[in-house]
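Please open the structure in your viewer and follow the stops below in order. At each stop, select the residues named and look at what surrounds them.

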Amino acid sequence: MDEERRKRRSRILLIVGILLVAANLRAPITALSPLLSYVRVDLPLSNTMTGFLTTLPLLAFAGLSPFVSKLARRWGMEFIVFFAACLMVVGSLIRPFGGIPLLLFGTFLIGLAIAVGNVLLPSLIKKEFPFKMGLMTGMYSISMNVCAMLASGISVPIAVNSGFGWRGALVVWSGFAIIALLMWLPQLKYNQKSLPLSVAQKPRQSIWSSPLAWKITLFMGMQSTLFYVMVAWLPSILISQGMASTQAGFMLSLFQLGIIPFTFIVPIIASNMKSQRPIVIMMTVLLLAGTTGLIFGAGDAWIVGPSVFMMGVASGTAFSVCMMFFSLRTSTATEAADLSGMAQSIGYLLAAAGPTLFGALHDMTDSYTVPLTIIVVAALLLFITGMDAGRDKKVFGK
């Protein structure tokens with residue numbers, strides 16, 4: 001009985017640890033964005049430097065992601081997640097206290113920490129919860145996205161009402177990183193530094209040689225591009241159509257609201273389906289319908305509102321099904337980590353380029369209609385790659 005109680009307790013601690021780590025995978029970024037106007041009052045940030053600050057985490061994701069699975073094989077998943085949590089705490093604590101160099105360095109450390117979590121959480125879930133991957137993926141996704149929305153929504157009120165300004169608001173969010181670090185400590189005693197000999201002796205294929213892995217990687221890139229283009233440009237698009245800035249900001253919240261429930265629901269549904277193609281078809285239809293409404297809605301809230309919400313649903317669905325592909329299309333936790341690292345490396349490079357390309361097309365055409373074709377192209381590529389990735393097969397083998 002005591003043994004059962006001990007196992008149940010360790011399982012609960014693992015679930016809480018995963019959810020708390022997940023809560024820190026977006027919030028440190030979304031907390032900073034609404035505070036940038038306050039940051040620029042204190043620090044001489046140019047427009048270029050401000051843009052670089054928001055792109056820096058994506059570059060960290062892209063740079064570190066391919067190596068995370070190798071680090072995990074060498075030192076163990078649980079230890080690497082712990083080390084990432086330490087980086088998150090250090091980065092969160094140093095970026096409010098200092099000038100531009102510490103702000104940039106702290107943000108970069110946070111980006112590295114998030115890259116580790118992005119890659120290893122799907123792999124950990126596959127390893128520890130092989131029969132509840134959909135439920136656990138949904139739980140970690142909703143933890144990540146709810147905290148991201150809260151951080152973007154209440155950072156300014158915290159900064160204004162606390163009297164500590166933007167620095168105090170960022171310190172508040174660093175508290176979540178400290179809690180996640182403390183709650184992850186018990187997992188270190190389950191850390192495995194290497195694979196069992198029987199597994200380690202098997203020749204390993206390179207994930208980069210798998211055509212299916214490349215399709216999942218492109219799928220990841222397109223869904224990331226969609227999300228970051230919308231976050232960066234949606235308010236500006238709507239303001240140009242005559243919508244008030246406060247209403248345009250509400251529409252961005254509506255987009256995020258569409259994402260949240262489906263990041264929980266879709267993994268559960270996808271895990272119980274032999275083929276995920278019907279989900280890909282639904283996602284594509286919603287995305288194209290929403291984009292059409294955004295282009296031709298002319299700032300009418302009754303058209304734009306449902307359109308933006310549909311795009312949020314499509315974005316949340318695309319993210320969730322992509323996270324499930326990492327588990328469903330691989331045979332082991334190691335393969336899942338390799339695929340996750342590859343897809344997120346290339347994916348976040350594309351995501352970093354997306355908002356910049358969108359802005360360049362806007363400057364060239366003095367219109368948002370042509371740049372919005374990026375979303376149409378992303379939708380078509382999501383459909384093409386998703387229809388193949390949605391089939392019941394593995395990255396290695398049939």
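Leaving aside its neighbours within four places in sequence, which residues is Leu 339 in contact with? Keep in mind throughout that this is a predicted model. Select Leu 339 and, beyond those neighbours within four places in sequence, you will find it in contact with Ile 207, Ala 213, Ile 216, Phe 325, Phe 326, Thr 330 and Val 395. Leu 339 belongs to helix H14, which covers residues 333–365. Its relative accessibility is 0%, so Leu 339 counts as buried. Now add Ser 69 to the selection: it is 270 residues from Leu 339 along the chain, and the two C-alpha atoms are separated by 9.0 Å.

**The nonpolar cores**

Next, select Ile 18, Leu 120 and Phe 255. In the largest nonpolar core, which has 107 residues, these three touch the most other members: Ile 18, Leu 120 and Phe 255. Helix H10 (residues 211–240) supplies the largest share of this core, 15 residues. Zoom in on Leu 120: not counting residues up to four places away in sequence, Leu 120 touches Val 68, Ala 72, Met 77, Ile 80, Val 81 and Ala 337. Another core, of 22 residues, lies apart from the largest one; its members include Ala 23, Leu 32, Leu 53 and Cys 147. In soluble globular proteins, nonpolar side chains tend to be buried together.

**Aromatic rings**

How many aromatic pairs does a search of the whole structure find? The search finds 12. Select Trp 173 and Phe 176 to see one pair: the ring centres are 5.2 Å apart and the planes are at 25°, so this pair is stacked. Both residues are in helix H8 (residues 165–184), and because they are three residues apart there, about one helical turn separates Trp 173 from Phe 176. Trp 173 is buried, at a relative accessible area of 9%, whereas Phe 176 is partly exposed, at 35%.

Move on to Trp 208 and Trp 214. This aromatic pair is edge-to-face, with 5.7 Å centre to centre and 70° between the planes. Trp 208 has 35% relative accessibility and counts as partly exposed; Trp 214 is also partly exposed, with a relative accessible area of 38%. Then select Phe 61, Phe 227, Tyr 228, Phe 255 and Tyr 348, which form one aromatic cluster. Phe 255 was selected earlier, among the residues that touch the most other members of the largest nonpolar core.

**Charges over rings**

Select Arg 11 with Phe 129: Arg 11 lies over the face of the Phe 129 ring, 4.4 Å from the ring centre. Then select Arg 74 and Trp 75, where the charged end of Arg 74 sits over the ring of Trp 75, at 4.4 Å from its centre.

**Cysteines**

How many disulfides are there? The count comes to zero. Select Cys 86 to check one case: the closest cysteine sulfur, in Cys 147, is 20 Å from the sulfur of Cys 86, so the two are too far apart for a bond. Is Cys 86 buried or partly exposed? Its relative accessibility is 25%, so Cys 86 counts as partly exposed. Cys 322, at 0% relative accessibility, counts as buried.

**Last stop**

Finish at Ser 327, in helix H13 (residues 301–328). Ser 327 is buried, with a relative accessible area of 1%. Not counting residues up to four places away in sequence, Ser 327 touches Pro 122, Lys 126 and Met 133.

Notes. Residues numbered from 1 in each chain as written. Predicted model: local features only at pLDDT ≥ 70, side-chain atom pairs only at ≥ 80, totals over all residues. Heavy atoms only, no water. Helix = DSSP H or I, 4+ residues; strand = E, 2+ residues; numbered from the N terminus. Buried < 20%, exposed > 50% of the residue type's maximum accessible area, 1.4 Å probe, protein only. Contact = heavy atoms within 4.5 Å. Phe/Tyr/Trp six-rings, centres within 6.5 Å; stacked < 30°, edge-to-face > 60°. Lys NZ or Arg CZ within 6 Å of the ring centre and 35° of its normal. Disulfide = S-S within 2.5 Å. Core = buried A, V, L, I, M, F, W, Y, C linked by side-chain atoms within 4.5 Å.
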